[in-house]
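User: I am new to this structure, and I would like to learn what stands behind each term used to describe it. Please start with a term for the way helices pass each other.

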Amino acid sequence: MAWTDGQRMTRITVAGFLAWLVPGLGHIYLGQRHRGVILLVVIAATFWGGVALGGATETVDPHKRTAWFMAQVSTGAHALVAWRLGRTAEASASMYSWRAEEVAVVYSGVAGLLNLLVILDVLARASQAAPVRVRGGTPSPTRKRAT
Amino acid sequence: MSVWFPAMLVMSAQITGVQRLLLLIPLCLSISIVYKTTRCERLGDIPLSTIALWATIVAGMVGVGLFMRVAFLLLA
């Protein structure tokens with residue numbers, strides 16, 4: 001049994017959106033829970049590790065570092081939360097004379113670029129996967145492989 | 001919102017030059033884990049291949065750094 005074009009497009013779109021919104025969630029949606037949890041933890045740790053080093057105000061700044069911000073936004077909700085946090089706490093973050101923001105920006109930016117890789121992987125897996133029959137006969141959007 | 005978050009997420013840390021270089025090591029580990037998690041079909045293959053890739057990247061960076069250092073000393 002094969003996916004219809006509509007089912008396949010829906011599956012690819014939902015998986016890609018979830019993978020952008022929360023890194024790793026796209027794999028979990030496809031039924032690859034362990035893989036998704038690994039990606040979720042590692043990308044979140046990389047992004048928030050960077051924010052912890054440089055502070056949200058200086059690390060996630062679309063005006064000062066537009067290109068890096070584009071990469072950071074690839075982490076979805078992480079970047080949006082950090083951006084909001086940075087705007088809220090803008091006044092208190094300027095009290096240190098020496099900052100670790102360069103390393104911090106690289107960390108959070110690389111986390112975003114890694115999630116681009118993850119999104120591409122999710123899209124590829126979603127487009128290739130065959131439906132799995134579950135009890136009752138309706139196709140499930142999950143794929144059991146590589147567990 | 002900032003009340004809910006630890007201060008470390010708002011304010012920048014103080015790190016020295018050497019620590020900045022050392023911070024590349026966990027970053028390479030993250031890159032290795034994510035790359036191998038997407039590439040390995042069997043999850044059991046991920047740990048070893050991740051360590052191998054991580055060691056390769058770090059060794060490569062150290063090698064390039066040493067080469068640049070020697071070149072700098074010879075040309076100075």
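Analyst: A crossing is called left-handed if the near helix is turned anticlockwise from the far one by less than a right angle, and right-handed if clockwise. By that rule, helix 3 of chain A and helix 2 of chain B make a left-handed crossing, whereas helix 1 of chain A passes helix 7 of chain A in a right-handed one. The model is predicted, with local features needing pLDDT of at least 70 and side-chain atom pairs pLDDT 80 or more, while totals for chains, interfaces and linings use all residues. Residues are numbered from 1 along each chain as its sequence is written, with chains lettered from A and ligands numbered from 1 in the order in which they are written.

User: What makes helix 1 and helix 7 of chain A roughly antiparallel?

Analyst: Their axes, which are lines fitted to C-alpha atoms over the stretch in contact, with angles from 0 to 180 degrees between N-to-C directions, cross at roughly 160° and come within 9 Å. Angles over 145 degrees count as roughly antiparallel (under 35 is roughly parallel, 65 to 115 roughly perpendicular and the rest oblique), and helix 1 and helix 7 of chain A are therefore roughly antiparallel. Among the residues that make the contact are A:Ile12, A:Gly16 and A:Ala19 of helix 1 of chain A, with A:Ile119, A:Val122 and A:Leu123 of helix 7 of chain A. The residues of this contact divide into nine nonpolar, two polar and two charged, where Ala, Val, Leu, Ile, Met, Phe, Trp, Tyr, Cys and Pro count as nonpolar, Asp, Glu, Lys and Arg as charged, and the others, Gly among them, as polar.

User: Why is A:Gly16 called partly exposed?

Analyst: A residue is buried if 20 or more other C-beta atoms lie within 10 Å of its own, exposed if 12 or fewer, and partly exposed in between, with C-beta atoms placed from the backbone. A:Gly16 has 18 such neighbours and so counts as partly exposed, while A:Arg11, A:Ala15, A:Leu18, A:Ala19 and A:Trp20 in helix 1 of chain A are buried. Beyond four places in sequence, A:Gly16 is in contact with A:Gly26, A:Ile119, A:Val122 and A:Leu123, contact being C-beta atoms, placed from the backbone, within 7 Å.

User: How do you know that the length of helix 3 of chain A agrees with what is expected?

Analyst: Helices are DSSP runs (H or I, at least four residues; strands are E, at least two), numbered from the N terminus, and the expected span is 1.5 Å times one less than the number of residues. The 22 residues of helix 3 of chain A should span 32 Å, and the end C-alpha atoms are 31 Å apart, which agrees. Just after helix 3 of chain A, A:Gly55 takes a positive phi of about 85°.

User: How does helix 2 of chain B lie against helix 7 and helix 3 of chain A, parallel or antiparallel?

Analyst: With helix 7 of chain A the angle is about 5° and the axes are 10 Å apart, so helix 7 of chain A and helix 2 of chain B are roughly parallel. With helix 3 of chain A the angle is about 155°, again with axes 10 Å apart, and helix 3 of chain A and helix 2 of chain B are therefore roughly antiparallel. B:Ser30 and B:Val34 are among the residues of helix 2 of chain B that meet helix 7 of chain A, and B:Ser30 and B:Val34 also meet helix 3 of chain A.

Terms used. Contact = placed C-beta atoms within 7 Å.
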